[in-house]
Amino acid sequence: GAEGDSAHSIVALADGGFAVAGMTKSKGAGKRDMWVLRLDEAGNVLWDHTYGGANEDRGTSIVALANGGFAVAGHTESKGGGDRDMWVLRLDEAGNVDF
């Protein structure tokens, strides 16, 4: 994008694709948002989602789950009670937050 974007973690998937977690300043709801992308084996983006609020939010680690979803860890300044609170999201196979 037009602003600073970075990847902080990548995981190889059984179908040959990848999932990437990081942060973006180019899109989303605030200063920086957690950014997760799902890529196919050729590197084409299948989907990408941002998560966060008005302040800085960042994904620093991603793992694939047995159900096809993902767990992403990072930090948030938009949620919680302080500066850079720990943040863990469980996502379904389409990148939607899975409660």
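These legends go with a set of views of one predicted model.

**Figure 1. The whole chain, an all-strand fold with zero helices and seven strands.** Walk along the sequence and you get β-β-β-β-β-β-β. The radius of gyration is 13 Å, close to the 13 Å the globule rule gives for 99 residues, so the chain is as compact as a globular protein of that length. If you want to set up a box, the C-alpha atoms fill one of roughly 40 × 30 × 20 Å along the principal axes.

**Figure 2. Inside and outside of the chain: burial, contacts and surface.** Of the 99 residues, 37% are buried. Among contacts with a separation of 6 or more, 31% join residues 24 or more positions apart. On the outside, the accessible surface adds up to about 5200 Å², and carbon and sulfur atoms own 51% of that.

**Figure 3. Charged side chains, 9 positive and 15 negative.** Take the centre of each set and you'll find the two 6 Å apart.

**Figure 4. Close-up of the aromatic pair made by Trp 47 and Phe 70.** The count for the chain comes to one aromatic pair, and this view shows its two rings. Two numbers do the describing here: a pair of aromatic rings is characterised by the distance of the centres and the angle of the planes. For Trp 47 and Phe 70 those are 6.2 Å centre to centre and 65° between the planes. With over 60 degrees counting as edge-to-face, the pair gets that label. Trp 47 sits in strand 4 (residues 45–51) and Phe 70 in strand 6 (residues 70–76), so the pair ties together parts that are 23 residues apart in sequence.

**Figure 5. The same two residues, Trp 47 and Phe 70, seen for their burial.** The cut-off for buried is under 20% relative accessible area. Trp 47 has a relative accessible area of 13%, so it counts as buried. Phe 70 comes in at 2% relative accessibility, so it is buried too.

**Figure 6. Close-up of Arg 84, a residue other than glycine with a positive phi.** Its phi is near 55°. Where does Arg 84 sit? Look in the loop between strand 6 and strand 7 (85–91). Partly exposed is the class between 20% and 50% relative accessible area, and Arg 84, at 47% relative accessibility, therefore counts as partly exposed.

Technical notes
Residues numbered from 1 in each chain as written. Predicted model: local features only at pLDDT ≥ 70, side-chain atom pairs only at ≥ 80, totals over all residues. Heavy atoms only, no water. Helix = DSSP H or I, 4+ residues; strand = E, 2+ residues; numbered from the N terminus. Rg over C-alpha atoms; globule rule 2.2 N^0.38 Å. Buried < 20%, exposed > 50% of the residue type's maximum accessible area, 1.4 Å probe, protein only. Contact = heavy atoms within 4.5 Å. Areas by Shrake-Rupley, 256 points an atom, 1.4 Å probe, with all protein chains shown as cover. Lys, Arg positive; Asp, Glu negative; His and termini not counted. Charge placed at Lys NZ, Arg CZ, Asp CG, Glu CD. Phe/Tyr/Trp six-rings, centres within 6.5 Å; stacked < 30°, edge-to-face > 60°.
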